[in-house]
Amino acid sequence: MQYAWWHDAVVYQIYPRSFYDTNDDGIGDLNGIIEKLDYLHWLGVNVLWLSPVYQSPMDDNGYDISDYCAIAPEFGTMEDMTRLIDKAGSLGIKIVMDLVVNHTSDEHPWFQAALQDKNSPYRDFYIWRDAKPDGSAPDDQGSIFGGSAWQWEPNTEQYYFHLFSKRQPDLNWENPAVHDAVYKMMNWWIDKGIGGFRLDVIDLIGKEIDKGITGNGPRLHPLLQAMNQATFGGKDLLTVGETWGATPEIAKLYSAPDRDELSMVFQFEHITVTWKDGDKWQPVPLDVAALKQVLFKWQQELADTGWNSLFWNNHDLPRAVSKFGHDGEYRTRSAKMLATTLHLMKGTPYIYQGEEIAMTNVAFPSIDDYQDIETRNFYDLRVAEGVDPDTMMEAVYQNSRDNARTPMQWENAPQAGFTQGTPWLPVNPNYTTINVARATENSGSVLYHYRELIKLRKQYQ
Ligand code: TEU
Ligand code: CA
């Protein structure tokens with residue numbers, strides 16, 4: 001296989017809102033990432049993937065973008081972004097941006113124009129259908145965040161389609177004008193000197209909803225080949241698609257070099273082994289033998305063609321040590337075991353912020369303490385359907401996305417040293433013992449173990 005720089009890169013994912021706050025508003029910011037670059041450099045990672053920092057009403061914490069070429073004020077300014085790219089670059093660290101183009105925010109000017117006028121050229125940027133004769137939605141397609149995927153729009157009297165919240169209308173990838181607008185935006189970021197893109201739910205853009213197809217639609221791979229050609233192709237960038245529906249065969253379609261699509265994809269088969277029938281709100285105990293089989297399968301299937309992304313957790317998933325290890329007595333040992341397993345496989349490893357100090361899941365007393373839209377929606381839905389609230393709360397403790405989103409634990413100081421203000425989401429109370437400062441003082445810590453693994457990879461690349 002022809003060598004690419006990202007084959008031996010180690011990526012660190014930052015959830016900016018929860019990383020480090022420099023202006024005491026309780027929200028992590030770009031300057032916070034800049035302040036921690038020395039730490040990340042010391043750890044040895046050479047790529048940072050930032051969850052979205054674009055302008056957004058934050059219905060889904062930034063995965064609902066209202067301006068792709070502006071920074072949300074709570075995160076900073078475009079000047080801060082430029083400084084981050086430059087300073088990281090001087091340390092040999094590239095910045096990978098989150099590209100969310102299955103949908104926009106309902107506050108995006110494209111959607112605003114579409115709402116105003118059925119004849120606007122932007123109307124067809126989104127997916128509209130008439131009501132059924134009885135006024136109900138065109139079909140019973142559901143949203144991934146619960147409820148119908150169709151939202152009635154009274155002004156123009158049609159339904160629009162949204163696979164996530166109703167504030168995240170899906171873009172219409174059957175419209176070539178959408179391609180051009182997205183390519184233009186991507187090239188604008190490439191020209192700013194970024195290191196690549198993480199493509200959010202990219203397997204949904206080939207959808208053919210009138211046939212009931214959302215994931216892995218027939219138009220998906222041609223769309224990615226066209227995007228590659230018009231934007232990052234030949235630019236030596238890292239591109240990683242988020243593809244919940246990927247089998248090894250599908251992963252090879254995306255990542256075999258001669259197909260000119262993406263560098264690699266995230267597949268989730270090892271994640272869903274702990275979900276009953278693919279439902280994260282029905283967690284089942286980890287079957288270690290099944291997990292091993294999944295890991296083996298992917299190593300073998302992508303050994304010669306395609307490329308694996310290696311990850312245990314991200315901003316949507318529970319903490320690795322809580323899910324796959326043991327977050328009590330064996331926290332340190334099991335976190336090191338997980339790190340070793342992952343980093344010694346073939347592929348590009350991803351570390352999610354806090355994983356390197358074995359941060360754990362959290363258990364807030366009440367559902368009202370949870371901020372995540374998916375968690376809140378499903379709690380209400382399932383309890384209304386008759387699921388016992390305590391059972392649902394247990395599922396939240398296991399799999400809520402907020403497990404990953406509690407603030408980064410920097411030191412044993414108020415609010416874990418994350419902020420001098422009130423954090424947007426409470427800190428995990430175990431910060432008094434689990435924090436970066438303490439891990440740094442102990443060469444036997446999980447943190448040093450990660451650092452050694454990263455060094456080993458560099459040494460034997
Ligand atoms: O996630 C896609 C996705 O399907 C997850 O939200 C999934 O429903 C669940 O949380 C898995 O446990 C991506 C982003 O990573 C996520 O943060 C966004 O909310 C979502 O797309 C919409 O942009
Ligand atoms: Ca801040």
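Which oxygen-bearing partner has an atom 3.1 Å from a polar side-chain atom of glutamate 374? In this predicted model, the partner is ligand 1, one of whose oxygen atoms lies 3.1 Å from a polar side-chain atom of glutamate 374. Taken alone, ligand 1 exposes 490 Å², and the protein buries 96% of that area.

The surroundings of ligand 1 comprise 18 residues, the closest being Asp60, Asp200, Lys280, His315 and Asp316. When this shell is sorted by class, seven residues are nonpolar, two are polar and nine are charged. Two of the closest residues also place polar side-chain atoms beside ligand oxygen atoms: for lysine 280 the separation from an oxygen atom of ligand 1 is 2.6 Å, and for histidine 315 the corresponding value is 2.9 Å.

Strand β13, which spans residues 279-283, includes aspartate 279. Aspartate 279 has a relative accessible area of 13% and is therefore classed as buried, the cut-off being under 20%. The side chain of aspartate 279 is joined to that of glutamine 282 by a polar contact of 3.0 Å.

The model also contains an open sheet of eight strands, in which the pairing is parallel and the order is β11-β10-β9-β5-β2-β1-β15-β14. At the edges of this sheet stand β11 (264-266) and β14 (309-310), and because each has a single partner strand, one side of each is left without a neighbour in the sheet. In general, the strands of a sheet pair through backbone hydrogen bonds, in either the parallel or the antiparallel sense. Within the sheet described here, strand β2 (residues 47-50) pairs with strand β5 (residues 94-99) in the parallel sense, over four bridges. Valine 47 is found opposite lysine 94, a residue of β5.

A calcium ion is present as ligand 2, and its coordination is provided by Asp21 (OD), Asn23 (OD1), Asp25 (OD), Ile27 (O) and Asp29 (OD), at distances of 2.3 to 2.4 Å. The donor residues of the calcium ion follow the spacing D-x1-N-x1-D-x1-I-x1-D in sequence. Among these donors, aspartate 21 has a relative accessible area of 4% and is therefore counted as buried, and aspartate 29 is likewise buried, with a relative accessible area of 4%.

Conventions: Residues numbered from 1 in each chain as written. Chains lettered and ligands numbered in written order. Predicted model: local features only at pLDDT ≥ 70, side-chain atom pairs only at ≥ 80, totals over all residues. Heavy atoms only, no water. Near = heavy atom within 4 Å. Polar contact = N/O pair within 3.5 Å; in protein donor to acceptor, adjacent residues only side chain to side chain. Areas by Shrake-Rupley, 256 points an atom, 1.4 Å probe, with all protein chains shown as cover. Nonpolar A, V, L, I, M, F, W, Y, C, P; charged D, E, K, R; others polar. Helix = DSSP H or I, 4+ residues; strand = E, 2+ residues; numbered from the N terminus. Buried < 20%, exposed > 50% of the residue type's maximum accessible area, 1.4 Å probe, protein only. Pairing = 2+ DSSP bridges. Donors = N, O, S within 2.8 Å, 3.2 Å for Na, K, Ca; no water.
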